[in-house]
Amino acid sequence: MTFHIGITIQAIGDLTPSNVVDLGMAIGLRHIEFDPSVFLDISDVMKSLKTKQTTIHAPYMEDYHMDLSSNTPEIDKLIEDINRWKTRMNIIGVVVHPPLDAGGNTEKFYDRLEKLPLPLIENMPYQSWEDFLDFYNTTQANVNNHLGMCFDIPHSFITNGDKFLEVPDEVLDHLTSSKGYIHISGGTADEDIHYPLLTDGNIPFQEVKDFLLRISFCGTVTMELYPRSFQDIDKILRSYILMLDVANKKKHKLSVQIKRPFIMRKINKLATSKKISME
């Protein structure tokens with residue numbers, strides 16, 4: 001079993017996406033999921049970006065106060081940027097939440113999905129699989145564009161408890177293809193907190209590992225990790241090493257283990273230059 005492993009990258013305080021990409025390239029990162037802030041820094045990002053593939057996470061109401069249904073020109077500008085850069089960035093898909101903007105437009109949501117490279121519809125916390133598939137299939141019926149799925153494991157853990165890895169056949173069909181796409185992070189049964197793996201939260205990681213092995217996963221696993229401080233970056237590095245082991249990427253794992261202390265020194269130097277506390 002082998003698959004691509006990625007990390008989410010976004011602006012972190014005074015650090016721009018390009019600062020974080022530089023660190024990702026130092027560990028040979030093969031996949032990155034960006035948020036829309038990447039296009040505010042795209043010239044510098046492209047100077048160092050060397051990955052097999054990337055994805056973009058579309059805006060959603062909770063954190064961005066807009067989504068793909070919103071009547072705002074920022075969404076149309078984002079879609080233009082995605083299509084402008086999709087070849088050079090090797091964009092393989094765009095992660096999309098169901099629309100929640102009370103002032104939004106469902107037809108606009110469908111129209112925008114048609115303009116994106118492989119929209120990946122993500123399951124939400126407290127959303128049953130029946131409701132997810134109803135939304136997915138209704139959306140697919142109204143969109144002249146093939147839709148994929150993003151299986152968010154922490155979201156399923158919140159929704160389904162001990163049965164968080166029991167997925168419907170239609171979801172499993174997507175996961176077992178080469179375009180299978182998964183979000184993983186440390187979390188709890190009550191909150192989607194995006195902790196580094198094994199360091200916080202109570203999602204049983206061994207069960208996740210066994211699941212990936214059982215379905216012969218060959219797509220992409222993205223670690224959706226949000227650092228709360230610079231100290232979390234070392235936890236993220238250790239999470240990446242853990243996932244490299246799961247994916248049976250022994251040489252890459254050894255390389256990152258060797259580079260880890262040098263990367264942390266580089267991070268400390270960067271923090272000092274930007275006057276950012278490591279606490």
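This is a short walk through a predicted model, from its nonpolar cores to its cysteines.

Start inside. The largest nonpolar core holds 80 residues. Four of them touch the most other members: Phe34, Met89, Leu212 and Met243. Helix H10, residues 232–246, gives this core its largest share, eight residues.

Now take Met243 as a viewpoint. Set aside residues up to four places away in sequence. Met243 then touches Phe3 and Ile5. Met243 also touches Leu197, Phe205 and Leu212. Val221 and Met223 complete the list. Leu212 therefore appears twice in this picture: Leu212 is a contact of Met243, and like Met243 it is among the four residues that touch the most other core members.

There is a second core, separate from the one above. This core has five residues, including Leu118, Leu120, Cys150 and Tyr181. Cys150 will return below.

Next, look at a pair of helices. Helix H5 covers residues 106–114, and helix H6 covers residues 129–141. The two pack with their axes 10 Å apart. The angle between them is about 75 degrees. An angle of 65 to 115 degrees counts as roughly perpendicular, so H5 and H6 are roughly perpendicular to each other.

Which residues make this contact? From H5 come Phe109, Tyr110 and Leu113. From H6 come Phe135, Thr138 and Thr139. Sorted by class, four residues of the contact are nonpolar and two are polar. None is charged.

Move to a loop. Ile12 sits between strand E1, residues 4–9, and helix H1, residues 17–26. Follow the chain from Ile12 to Ser229 and the two are 217 residues apart in sequence. In space, their C-alpha atoms are 8.8 Å apart. Beyond its neighbours within four places in sequence, Ile12 is in contact with Val20 and Pro227.

Finish with the cysteines. How many disulfides does the structure hold? The number is zero. Cys150, a member of the second core, shows why. The closest cysteine sulfur to that of Cys150 belongs to Cys218 and is 16 Å away, too far for a bond. A disulfide needs the two sulfur atoms within 2.5 Å. Seen from the other side, Cys218 is in no disulfide either, with the sulfur of Cys150 as its nearest.

Are these two cysteines buried or exposed? Cys150 is buried, because its relative accessible area is 1%. Cys218 has 35% relative accessibility, so Cys218 counts as partly exposed.

Key. Residues are numbered from 1 along each chain as its sequence is written. This is a predicted model: local features need pLDDT of at least 70, side-chain atom pairs count only at pLDDT 80 or more; totals for chains, interfaces and linings use all residues. Side-chain values use heavy atoms; hydrogens and water are left out. A nonpolar core is a set of buried Ala, Val, Leu, Ile, Met, Phe, Trp, Tyr and Cys residues joined through side-chain atoms within 4.5 Å. Buried means under 20% relative accessible area, exposed over 50%, partly exposed in between (1.4 Å probe, protein chains only). Helices (H or I, at least four residues) and strands (E, at least two) are DSSP runs, numbered from the N terminus. Contact means heavy atoms within 4.5 Å. Axes are lines fitted to C-alpha atoms, for helices over the stretch in contact, and angles run from 0 to 180 degrees between N-to-C directions. Angles under 35 degrees count as roughly parallel, over 145 as roughly antiparallel, 65 to 115 as roughly perpendicular and the rest as oblique. Ala, Val, Leu, Ile, Met, Phe, Trp, Tyr, Cys and Pro count as nonpolar, Asp, Glu, Lys and Arg as charged, and the others, Gly among them, as polar.
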